[in-house]
Amino acid sequence: MTPTERRQKLLEVLCIRRHDTCDNLAHEFHVANSTIRRDLEILTCSYPIETVRGRYGGGVRVADGYFLYRKTLTPKQAALLQRLRDQLDGDDLITLNSILLQFAL
């Protein structure tokens with residue numbers, strides 16, 4: 001695996017897990033901890049990845065709301081959600097609108 005391929009896979013893994021430790025990632029990718037840190041430093045230049053200090057809960061995470069691949073709905077699913085939106089108000093409407101925004105509807 002080339003460094004570019006490893007960084008792409010690392011980004012994909014982080015976008016799925018949302019949070020992990022450098023030690024765990026280094027073990028999983030069979031590279032040194034310093035290699036993962038270097039890869040993360042490069043990725044943070046282009047993607048919303050942040051490191052978090054701390055013995056517990058520390059590591060690396062992807063910023064809230066960022067996904068590498070946009071989720072998509074089928075037209076039937078989208079139509080149902082939009083019909084439901086017409087029947088809601090208050091907090092329920094706000095929640096449904098935030099869901100639809102994630103799917104870019």
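Reader: How many helices and strands are there in the chain?
Author: This is a predicted model, in which local features need pLDDT of at least 70, side-chain atom pairs count only at pLDDT 80 or more, and totals for chains, interfaces and linings use all residues. Residues are numbered from 1 along each chain as its sequence is written, and side-chain values use heavy atoms, with hydrogens and water left out. Helices (H or I, at least four residues) and strands (E, at least two) are DSSP runs, numbered from the N terminus. The chain has five helices and three strands.

Reader: In what order do the elements run from the N terminus on?
Author: The chain opens with a helix and then a strand. The full order is α-β-α-α-β-β-α-α.

Reader: What radius of gyration does the chain have?
Author: The radius is taken over C-alpha atoms, and the globule rule is 2.2 Å times the number of residues to the power 0.38. For a compact globule of 105 residues the value would be near 13 Å. The C-alpha trace spans about 55 × 30 × 20 Å along its principal axes. The radius of gyration of the chain is 18 Å.

Reader: Which residue has a positive phi in the loop between α2 (22–29) and α3 (33–43), and is it buried or exposed?
Author: Buried means under 20% relative accessible area, exposed over 50%, and partly exposed in between (1.4 Å probe, protein chains only). H30 lies in that loop, and its phi is near 60 degrees, a positive value in a residue other than glycine. With a relative accessible area of 71%, H30 is exposed.
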